[in-house]
Amino acid sequence: MIIWINGPFGGGKTTTASMLHQRLPGSIITDPEEVGFLLRRSLGDHPSRQRDFQDYPMWRTLVAAVCAELDRHTDSGPVIAPMTLLRREYADEIFDALGKAGIEVHHLLVHAEAETLRARIESSMEFPCDEERSEKVRAFRRRKLTDYEDAHATWLSERAEVIDTTSLTPEQVADRALFLLHRP
C-alpha cells in the first residue's frame with residue numbers, strides 16, 4: 001500500500017509522514033523529491049532541463065516505479081510518500097501506474113485555510129542558523145500558494161481524502177489519517 005500525502009508546500013506533509021511512520025509498524029517513508037534531485041543532477045545544464053522536475057515524464061514514471069518496488073520489497077507495512085502534486089494529470093499518471101501494478105494507493109490531502117497556511121509559512125524556519133536560506137524557502141512556498149489554492153478548488157479536494165489541519169495538532173492530524181486509512 002502507498003500512502004501519498006499531498007498538500008501545500010509547508011503544509012505539514014513531512015510531519016504527518018513522520019508521525020504515521022512511527023505509528024505504522026513496518027512502514028517506510030520515501031521522498032519522491034529525491035528522484036527529482038537525481039534527475040536535476042544527472043541532466044546538469046542540458047538544454048532539455050526543466051525548471052520543475054515534475055514536468056519530466058520520466059520523473060513521474062520513476063516515482064511510480066520506485067514506490068511500486070518499495071511496496072514489493074517491504075510487504076510488512078505501507079510506503080509513505082509525502083509530496084505535493086498540484087497537476088491532476090501528473091497525479092493521475094503516477095496513481096494509475098501504481099494501480100496497474102496492483103498497488104493500493106491512499107491519497108491524503110493535508111489542507112489548511114489560506115490564512116492559517118500563510119501564518120505557518122511566515123513563522124517557519126527551515127534553517128534555524130540561516131535566515132537567508134529560510135527566507136528563500138518561505139518565498140518559494142508563498143509563490144506556490146495560488147497554484148495550491150487553484151488545485152484544491154478544481155480537483156484536489158475531490159480526488160483525495162481531505163484532512164483539514166487548520167485547528168489540529170500534528171498528533172490529531174495523524175489520528176485523522178489513521179482513521180481514514182481504517183487503522184487503529
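This briefing describes selected helices, cysteines and one loop residue of the structure shown above. The model is a predicted one. Helix 1 and helix 7 each have their buried residues on one side, and helix 3 crosses helix 4 in a right-handed manner. No disulfides are counted.

**Helix 1**

- The buried residues of helix 1 are Lys13, Thr16, Ala17, Met19 and Leu20.
- Because these residues fall within an arc of 165° when seen down the axis, they line one face of helix 1.
- On the face turned away from that buried side, helix 1 carries the exposed residues Thr14 and Gln22.
- The packing partners of the buried residues of helix 1 are strand 1 (2-6), strand 2 (28-29), strand 3 (79-82), strand 4 and helix 7.

**Helix 7**

- Helix 7 spans residues 170-180, and its buried residues are Val173, Ala174, Ala177, Leu178 and Leu180.
- They cover an arc of only 160° around the axis, so they lie on the same side of helix 7.
- These buried residues pack against helix 1 (13-23), strand 4 (105-111) and strand 5 (161-164).
- Just after helix 7 comes His182, which takes a positive phi of about 60°.

**Helix 3 and helix 4**

- Helix 3 (residues 57-73) and helix 4 (residues 88-100) have axes that come within 9 Å and cross at roughly 35°.
- Helix 3 contributes Pro57, Trp59, Arg60, Thr61, Val63, Ala64, Cys67 and Ala68 to the contact, while helix 4 contributes Tyr90, Glu93, Ile94, Ala97 and Leu98.
- Sorted by class, this contact has 10 nonpolar, 1 polar and 2 charged residues.

**Cysteines**

- A disulfide is a covalent bond between the sulfur atoms of two cysteines.
- In this model, the count of disulfides comes to 0.
- Cys67, one of the helix 3 residues in the contact with helix 4, has 1% relative accessibility and therefore counts as buried.
- Cys129 counts as exposed because its relative accessibility is 84%, and the cut-off for exposed is over 50%.

**Gln50 in its loop**

- Gln50 is placed in the loop between helix 2 (32-43) and helix 3.
- With 34% relative accessibility, Gln50 counts as partly exposed, a class that lies between buried, under 20%, and exposed, over 50%.
- Gln50 is in contact with Asp55 and Tyr56, when its neighbours within four places in sequence are left aside.
- Arg40 and Gln50 are 10 residues apart in sequence, and their C-alpha atoms are 8.5 Å apart in space.

Conventions: Residues are numbered from 1 along each chain as its sequence is written. This is a predicted model: local features need pLDDT of at least 70, side-chain atom pairs count only at pLDDT 80 or more; totals for chains, interfaces and linings use all residues. Side-chain values use heavy atoms; hydrogens and water are left out. Axes are lines fitted to C-alpha atoms, for helices over the stretch in contact, and angles run from 0 to 180 degrees between N-to-C directions. Helices (H or I, at least four residues) and strands (E, at least two) are DSSP runs, numbered from the N terminus. A crossing is left-handed if the near helix is turned anticlockwise from the far one by less than a right angle, and right-handed if clockwise. Contact means heavy atoms within 4.5 Å. Ala, Val, Leu, Ile, Met, Phe, Trp, Tyr, Cys and Pro count as nonpolar, Asp, Glu, Lys and Arg as charged, and the others, Gly among them, as polar. A disulfide is a pair of cysteine sulfur atoms within 2.5 Å. Buried means under 20% relative accessible area, exposed over 50%, partly exposed in between (1.4 Å probe, protein chains only). The arc is that of the directions from the helix axis to the C-beta atoms.
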